[in-house]
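Work through the following exercises with the sequence and the model at hand. Each task is followed by a stepwise solution.

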Amino acid sequence: MTNAIHEIIGRHWIAANARDWKSFASLLDENMLYEVPQTRERIRSGAGYLDLFRTWPGQWRAEVRQIIVEGNSAVCTVAFFADGEEMTGITFFEFADGLIKRAIDYWPDPYEPPARMTAFFERY
């Protein structure tokens, strides 16, 4: 299962960078939960998580730096490039039935959440 999870995370970022939303959506559980504890935001669906990426403004890309898998969970660090800036992203993933069931994002640098283009976000 370790190799399969590693592959799914790799496909997640390849599809996101390519803006291949059909492939991206195929990796997500329809009831997945996405959370950003730093900004107290969440999305309660795979469709919402897809919409977050689909509507993210500007030209951006992510480069995977490391993936560590244990059981049905993994952590992935990425270098996220947007608007001439490089940021480090850390995502904890949980999987069920070969799909992403939960993703929790952390960004080491403090920030206020940007204007969201998706209506799926809720604050908690």
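**Exercise 1.** Place Thr55 in the secondary structure and state whether Thr55 is buried or exposed.

Solution. Thr55 belongs to helix 3, residues 46–55; helices (H or I, at least four residues) and strands (E, at least two) are DSSP runs, numbered from the N terminus. The model is predicted: local features need pLDDT of at least 70, side-chain atom pairs count only at pLDDT 80 or more, and totals for chains, interfaces and linings use all residues. Residues are numbered from 1 along each chain as its sequence is written, and side-chain values use heavy atoms, with hydrogens and water left out. Thr55 has 18% relative accessibility and therefore counts as buried (under 20% relative accessible area; exposed is over 50%, partly exposed in between; 1.4 Å probe, protein chains only).

**Exercise 2.** List what surrounds Thr55.

Solution. First, a polar atom of the Thr55 side chain lies 2.7 Å from the backbone oxygen of Asp51. Next, leaving out residues up to four places away in sequence, Thr55 touches Met117 and Thr118 (contact: heavy atoms within 4.5 Å).

**Exercise 3.** Which residues of the largest nonpolar core touch the most other members?

Solution. The core has 33 residues, and Ile9, Trp13, Phe24, Tyr34, Tyr49 and Phe93 touch the most other members. A nonpolar core is a set of buried Ala, Val, Leu, Ile, Met, Phe, Trp, Tyr and Cys residues joined through side-chain atoms within 4.5 Å. Helix 1 gives the most to this core, 6 residues. For Tyr49, contacts beyond four places in sequence include His12, Phe24, Tyr34 and Phe93.

Methods. A polar contact is a pair of N or O atoms within 3.5 Å; within protein, one must be able to donate a hydrogen and the other to accept it, and residues adjacent in sequence count only if both atoms are side-chain atoms.
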